[in-house]
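Open the model in your viewer and keep the sequence panel visible. The stops below say what to select and what to look for there.

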Amino acid sequence: MTKMLDEPDFASLIRRDDLCQEIAQGICRENRMSFRGTRILEGSTILYRNGGMVIKIFSRDEPEFCSNEAGFLGLLQGRLPVQTPGLIGTGKYMEYPYIIMEEIPGLPLKSLWRNLSQRNRERAIEQAAEVLRCLHSIPVVEADFCTPEWNGFIASQKRDFRRNHGGFGLSEERIDEIGLYLAGTAPVEETGRPVVCHTEIMREHLFGEIRGGELKLTGLLDFEPSMIGIREYDLCAVGLFLTAGENGLYRRFMDAGGYDSPPEAVMRMLLLHRYSNMKWFISTLPEKLRHAPLTRLAEYWYS
């Protein structure tokens, strides 16, 4: 195992199937489990499906993501309308933090979406809204273990937005536009009620299955970046990745969940999100919208 310690960074390690498997096997040995693992090639961590369980291995430089996810898995058991992975164990192996959790039923909504009827897409959206509404109703004092702290986090996002967006190669013109947008919209981050946020409600993280011809959501996963924030911080991923500009779906989500946040408030949170990459987000738009002002993009995603 010495050769693993020579890996320069986690991004290099994650490309080495042999080393990743050695770590997963070592975790299984330490937990007295047999290894029958199949690697899941998704996300920014190392994932193995192993006999009804999932092993999730984090970077040595980001142990807080592991402890944060473990905390949320414990907090959420049985409290949402869908299943969340049960926490089986957590620890470190060769200084790599890991969790072992239950596998949830169903398939990622992303893999089902193309073949869903319009009505089943609407069912998925309505059920997802209920999931988020229930998550937001959990008292924030029960998630006081999570990081980062909202006020300090969002203040740093506002202070560093030029560097954050510039790091992804966004043009100076667009970065200037973001500055004007932030200066011209109400600071909802200072006035919104704190809630427990997933932060990445998207088709990859919602699971479902077809029962009697109808779509039924079965699970929600990936809580490593979950935190206490404001509801608009969750809604920005909904419009971008879940409803994705499809006619009427975002409004259906908002109505089903009882949300009334204006598009400009949600767009503001998208621009300040931890993982905001506007260069990429804009590249996914229809060609006719790629040079549209941010006000128009807010309408497309969030109205």
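Leaving aside its neighbours within four places in sequence, which residues is phenylalanine 153 in contact with? Select phenylalanine 153 and display its surroundings: the contacts are Pro148, Met227, Tyr233 and Arg274. Keep in mind throughout that this is a predicted model.

**Stop 1: around phenylalanine 153**

Phenylalanine 153 belongs to helix H7. Its relative accessible area is 8%, so it counts as buried, the limit being under 20%. Now add glycine 229, which is 76 residues away along the chain. The two C-alpha atoms are separated by 9.6 Å.

Go next to one of the contacts, proline 148. Proline 148 sits in the loop between H6 and helix H7, which covers 150-159. Show the backbone here: the peptide bond from threonine 147 to proline 148 is cis, and its omega is near -5°.

**Stop 2: helix H6 and the largest core**

Select residues 118-136, which form helix H6. Eight residues of this helix go into the largest nonpolar core, and no element gives more. That core has 79 residues, and those with the most contacts inside it are Phe253, Met267, Met278 and Trp301.

Pick leucine 135, in helix H6. Leucine 135 is buried, at a relative accessible area of 2%. Beyond four places in sequence, leucine 135 is in contact with Leu76, Leu80, Val196, Cys197, His198 and Asp234. For one of these, valine 196, the C-alpha atom is separated from that of leucine 135 by 6.3 Å, with the two positions 61 residues apart along the chain.

Then select methionine 267. Counting only residues more than four places away, methionine 267 touches Tyr181, Met278, Leu294, Leu297, Ala298, Trp301 and Tyr302. Two of these, Met278 and Trp301, are also among the residues with the most contacts inside the largest core.

A second core is separate from this one; it has 19 residues, including Ile27, Met33, Ile46 and Tyr98.

**Stop 3: helix H3**

Select residues 17-30, helix H3. The helix has 14 residues and reaches 20 Å from its first C-alpha to its last, close to the 20 Å expected at 1.5 Å a residue. Colour Leu19, Cys20, Ile23, Ala24, Gly26, Ile27 and Cys28: these residues of H3 are buried. An α-helix has 3.6 residues a turn, so residues three or four places apart point the same way. Just after H3, stop at arginine 32, where phi is positive, about 55°.

**Stop 4: two loops with positive phi**

Move to methionine 94, in the loop between strand E4 (87-93) and strand E5 (96-102). Methionine 94 is not a glycine, yet it has a positive phi of about 50°. Is methionine 94 buried or partly exposed? The residue is partly exposed, with a relative accessible area of 28%.

Aspartate 222 is the next selection, in the loop between strand E9 (214-220) and strand E10 (227-230). Aspartate 222 likewise has a positive phi, about 70°, although it is not a glycine. Aspartate 222 is buried, with a relative accessible area of 14%.

**Stop 5: arginine 203**

Select arginine 203, in the loop between strand E7 (194-197) and strand E8 (206-211). Arginine 203 is a charged residue that is buried, with a relative accessible area of 13%. Which residues surround arginine 203, leaving aside its neighbours within four places in sequence? The contacts are Pro108, Leu109, Lys110, Trp113, Phe241, Leu242, Thr243, Ala244 and Glu246.

**Stop 6: helix H8 and the second largest pocket**

Phenylalanine 161 lies in helix H8, residues 161-166. At 12% relative accessibility, phenylalanine 161 is buried. Phenylalanine 161 touches Ile175, Ile178, Gly179 and Leu182, not counting residues up to four places away in sequence. Serine 276 is 115 residues from phenylalanine 161 in sequence, and the C-alpha atoms are 9.5 Å apart in space.

Finish at the second largest pocket. Select Gly169, Leu170, Ser171, Glu173, Arg174, Lys279, Ile282, Arg290 and His291, which line it. The elements that give two or more residues to this lining are helix H9 (172-184) and helix H14 (278-283). The lining divides into two nonpolar, three polar and four charged residues. The space in this pocket is about 190 Å³.

Note on methods:
Residues numbered from 1 in each chain as written. Predicted model: local features only at pLDDT ≥ 70, side-chain atom pairs only at ≥ 80, totals over all residues. Heavy atoms only, no water. Core = buried A, V, L, I, M, F, W, Y, C linked by side-chain atoms within 4.5 Å. Buried < 20%, exposed > 50% of the residue type's maximum accessible area, 1.4 Å probe, protein only. Helix = DSSP H or I, 4+ residues; strand = E, 2+ residues; numbered from the N terminus. Contact = heavy atoms within 4.5 Å. Expected span 1.5 Å × (residues − 1). 1 Å grid on protein atoms, 1.4 Å probe; cavity = no way out; pocket = protein on both sides within 12 Å on 5 of 7 lines; lining within 4 Å. Points joined across faces, edges and corners; volume = space filled by probe spheres on them.
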